[in-house]
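Student: I would love a close look at one helix in this model and at what surrounds it. Could you take me through it slowly, and then outward into the rest of the fold?

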Amino acid sequence: MTIGAITAEAAGSWNIGGIAVRRVGFGAMRLTGSAAFHLGTPSDRTRSIAVLRRAIELGVDHIDTAAFYFSALRSANELINSALSPYPEGLLIATKVGPFRDYRGEWGTSARPEDLRAHVEENLRQLGRDHLDLVYLRRTGQESIAEHFGVLAELREAGLIRHLGLSAVRPRHLAEAQAVAPVVSVQNRFGLGDHDPENEELMRLCGEQGIAFVPFFAIAGDAGPGGGTAAHDDEVLAVARAHGVTPAQVRLAWTLSRGPHVLAIPGTGNPDHLAENVAAGALRLAPEELDRLDAAHRRAGGTPSA
């Protein structure tokens, strides 16, 4: 593959709430520092803005962010606003509400239902918008999400939100939310080697119902918010060598192979890694390669969403 010449169009598209987006998007978590949140050193603002603008040039039209994506000096939402406003037509910006970090960056008590409007309004303010395209309710351990999701449904009716999604949920939560309002997307932790049968069932249900399934940490694996994993299975390394690509690109290509409704939102603050991530949408793995990777995936353990 010729890195840099491949655009997000190569990955194909999926419809999220009536909006067609390329299946390779961009996650904003890593824009703010060398690792997510307060775990690394703050990023260079000029470089982060350049990465966002380059993502648009490469055809990315789906950006995933949150108000709690910030480091000591950088805010993902502020960077997105500064780099891309006025926003290009057709760009879908998704954000998440529920978790909370205070001004020092410490995790606080997750939102109660009555707090969610303030979470939505903070995202609106930071992004400089009068509505949010897609808001995920990020579950933080509660057994029932009906009351929280009901508040977001009311904000949708009021015009502050266009579409609703769920994050870090199990199949039962999807059904619970759908009894309240339509769900257009589900965002759970998932990737090669992160095998959780209940999560796989949720991915299948989403495909049957035309709901987007948007994994996070598809590249990071066991490293999570710290960055991309270095613990690549021998099968991943072998496939990468055969195609002359990176293990991260193999991981992304495998993720996209799970179904046309499965999207990817790899994040980076590095322009070279951005181009590699987008180019992974053009990587087509042979059936026998997928079989070997699937077997390695099934042998691995999982990281449950609950």
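Tutor: Happy to, and let us begin with how α1 and α2 meet, keeping in mind that this is a predicted model. The two helices pack at an angle of about 60 degrees, and their axes are 9 Å apart. Their crossing is right-handed. By class, seven nonpolar, two polar and three charged residues make up the contact of α1 with α2. On the α1 side the residues are R45, S48, I49, L52, R53 and I56, and they meet E78, L79, I80, S82, A83 and L84 in α2.

Now to α2 itself, which spans residues 76-84. Its buried residues are A76, N77, L79, I80, A83 and L84. These residues lie on the same side of α2, because they cover an arc of only 160 degrees around the axis. What do the buried residues of α2 pack against? Their partners are α1 (45-57), β4 (62-64), β5 (92-97) and α3 (116-127). So far we have looked at α1; the strands come next.

Both β4 and β5 belong to an open sheet of seven strands, paired in parallel and ordered β3-β4-β5-β6-β7-β8-β9. At the edges stand β3 (26-27) and β9 (212-213); each has a single partner strand, so one side of each is left without a neighbour in the sheet. Within this sheet, β4 and β5 run parallel and are joined by three bridges. One pairing to find on your screen is H62, whose bridge partner in β5 is L92.

Strand β5 deserves a pause. Six of its six residues are buried, so the strand is largely enclosed by the rest of the structure. Both of its faces are covered: L92, A94 and K96 are buried on one side, and I93, T95 and V97 are buried on the other. Note that K96, a lysine, is on this list of buried residues. The remaining partner of α2, helix α3, lies across β5, β6 (132-138) and β7 (161-167), and runs at about 145 degrees to β5.

Further along the chain there is another helix to set beside α2. In α5 (residues 171-178), the buried residues are P171, H173, L174 and A177. Seen down the axis of α5, they fall within an arc of 160 degrees, so they line one face of the helix. Their cover includes α4 (146-157), β7, β8 and α6.

From β8 and α6 we can step to a single residue. D194 sits in the loop between β8 (185-187) and α6 (197-209). With a relative accessibility of 11%, D194 counts as buried, because the cut-off is under 20%. The C-alpha atom of D194 is 8.8 Å from that of A218, although the two residues are 24 apart along the chain.

Finally, go back towards the start of the chain. Strands β1 (residues 13-16) and β2 (residues 19-22) pair in the antiparallel sense over four bridges, with W14 opposite V21 in β2. Two residues lie between the strands of this hairpin, and G17 takes a positive phi near 60 degrees there.

How values were computed:
Residues are numbered from 1 along each chain as its sequence is written. This is a predicted model: local features need pLDDT of at least 70, side-chain atom pairs count only at pLDDT 80 or more; totals for chains, interfaces and linings use all residues. Side-chain values use heavy atoms; hydrogens and water are left out. Buried means under 20% relative accessible area, exposed over 50%, partly exposed in between (1.4 Å probe, protein chains only). The arc is that of the directions from the helix axis to the C-beta atoms. Contact means heavy atoms within 4.5 Å. Axes are lines fitted to C-alpha atoms, for helices over the stretch in contact, and angles run from 0 to 180 degrees between N-to-C directions. A crossing is left-handed if the near helix is turned anticlockwise from the far one by less than a right angle, and right-handed if clockwise. Ala, Val, Leu, Ile, Met, Phe, Trp, Tyr, Cys and Pro count as nonpolar, Asp, Glu, Lys and Arg as charged, and the others, Gly among them, as polar. Two strands pair if DSSP finds at least two bridges between them.
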